[in-house]
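Biologist: Could we go through this structure together, one question at a time, so that a first-year student can follow each step?

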2 protein chains.
Amino acid sequence: MGNIRLGIVGLGKIARDQHLGAIEAADGIELTAVASRNAQLEGVHCFRDIGEMLASGVELDAISLCTPPQGRFAQAKAALEAGKHLMLEKPPGTTLAEVFALEKLAREKGVSLYATWHSRAGAAVEQVRELLAKRTLRSVSVIWKEDVRYWHPGQAWIWEPGGLGVFDPGINALSIVTHIMPDSFHLTSSDLFFPENRAAPIAANLKFETAGGIPVTAEMDWRQTGPQTWDIRIDTEEGPVALTHGGGRVIIDGEKQPEGENHEYRRLYERFVELVQNSGIDTDFSPLVHVADAFMLGRRHAVEAFED
Amino acid sequence: MGNIRLGIVGLGKIARDQHLGAIEAADGIELTAVASRNAQLEGVHCFRDIGEMLASGVELDAISLCTPPQGRFAQAKAALEAGKHLMLEKPPGTTLAEVFALEKLAREKGVSLYATWHSRAGAAVEQVRELLAKRTLRSVSVIWKEDVRYWHPGQAWIWEPGGLGVFDPGINALSIVTHIMPDSFHLTSSDLFFPENRAAPIAANLKFETAGGIPVTAEMDWRQTGPQTWDIRIDTEEGPVALTHGGGRVIIDGEKQPEGENHEYRRLYERFVELVQNSGIDTDFSPLVHVADAFMLGRRHAVEAFED
């Protein structure tokens, strides 16, 4: 099989910061076309939207969506109906019902669907997952705090319904925790902090429990200035485990472990290549389930207005 | 197989208005015990909570939970872990993650789990489901309006997180629509109206679409006084279909159809008996998925305070 000929849709911050370089670095896949309303890229076919791209006659095997989640369903559906393998940036959509529908459609069409969670590809995540499978957990505590002005400058969509607010980064933490924990868990309380002038939360405090009663807490906050905190602290009977730097580093029983190289998005594309070779489907929507639960069970608190 | 020996948990409004009579009327099942913090029932074993009931030595095959959704997970888990077949009033829980966990647990234990949607057992619902399978849909419009003071007097839990507010009745409409429509659908916009002094919405306007683009709208409002409106209007190429009275009656192409007898809860218990006989599982959580989506994608509007 030759290189997978890929079209990407959306040329915003995440595409430029992560996807373009990762596609370049990954084996088995090459960028053939892009669709963007406002931007162009040298050396590939450029279109204004996915409809133009699919109708153009340019041969494509797969599509990667790097657009905001609002409006992504129509793009995803167009790609799948055209028989293209499909990779989705996180979050995979604005509703659970739409992502369930996409999975069903991908199965009907016999093409790959990959709902990615880039933080799961963090350098230290697999090591922690393997470790926890052998340990007895007592508690898990997520601290996920960053400066929204630094990480999401001018991203108006993120404050709109479907943009998820602080859950846009916070879902990364949930994607790691759902991956590394041996047991599933469910929300028992949720406090959401909405700026008076915004439709999405700027902070959230969540409490979860496994069926066996192990507590999992998460504090998410976009009002932190200075360096971000992307930490998951796991207390086990055998000793503490701290997964820091968004899954990039780990301290086990007080000892810093050797740092692996951080190639989250390259790993995503390598995994996508594997999936496409087998028309495989990799869709774990559990992080989005927890976010939907956090909104449904959430108690809302109004906080100070936020201006970019 | 003798009668299923049933324990019910919760002796509030819904248990007294619906469950007790339905259990009496249904074949194959009999009420053996009840658990209630405040109430007792003549002629059956009475306990203060499910823990006491399960530990009592009274022989039970199955449990039916009629408690509010908050706190139901622990009760459901206790029942399943004791090897009891389990029936859940709607909504089945306060989070999707917990109901998914219950389903997994029921499968592990080899017992029945029935997540009921009583409105699906409305007298005219199956007729409409069969009709729509043969017709071409153009649009679906739900109007679900009632007087909260009449239907939910003093039910404080319904205004708390997890109580769902107007979605407590509204999910009945969604349970019918998800059942009668040949295609699934997903939310595209959601407006939620929260009284200033309440943690749950008093009204909601929702727009959904099928993958094929058929619009489904829902207006839910608890501020209606006088008679309730529980109508689903379906426009088809072959003519209009109006399912009224919460699924109890139907008008097809302008003609009122003969009224069937309304025995929603008796049908639920008859279905539960069937399931228990085969250790079957009947859990369609799609109505709760749509409600979670409505909160996640919801734009919130503050409205006048509500006092009981």
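Biologist: In this predicted model, how many charged residues are in the lining of the second largest cavity?
Modeller: The second largest cavity, in this predicted model, has a volume of about 50 Å³. Of the 14 residues that line this cavity, the closest to its centre include A:P161, A:F295 and B:M296. By class, the lining has nine nonpolar residues and three polar ones, and the charged residues in it number two.

Biologist: Which strands each supply at least two residues of the lining of the largest cavity?
Modeller: The largest cavity has a volume of about 90 Å³, and its lining includes A:L192, A:F194, A:G298 and A:R300 from chain A, together with B:L192, B:F194, B:G298 and B:R300 from chain B. A strand is a run of at least two residues in state E, so residue numbers can be matched to runs such as 185-195 and 298-303. The elements that each supply at least two lining residues are β8 and β16 of chain A and β8 and β16 of chain B.

Biologist: Which side chains meet in a salt bridge at 2.5 Å, N to O?
Modeller: The contact takes 29 residues from chain A and 29 residues from chain B, and the area buried between the two chains is about 2,600 Å². Two salt bridges are counted between chain A and chain B. A salt bridge needs a nitrogen of Lys or Arg within 4 Å of a carboxyl oxygen of Asp or Glu, and the pair that meets at 2.5 Å is B:E160 and A:R299.

Key:
Residues numbered from 1 in each chain as written. Chains lettered and ligands numbered in written order. Predicted model: local features only at pLDDT ≥ 70, side-chain atom pairs only at ≥ 80, totals over all residues. Heavy atoms only, no water. Contact = heavy atoms within 4.5 Å. Buried area = accessible area lost by both parts, 1.4 Å probe. 1 Å grid on protein atoms, 1.4 Å probe; cavity = no way out; pocket = protein on both sides within 12 Å on 5 of 7 lines; lining within 4 Å. Points joined across faces, edges and corners; volume = space filled by probe spheres on them. Helix = DSSP H or I, 4+ residues; strand = E, 2+ residues; numbered from the N terminus. Nonpolar A, V, L, I, M, F, W, Y, C, P; charged D, E, K, R; others polar.
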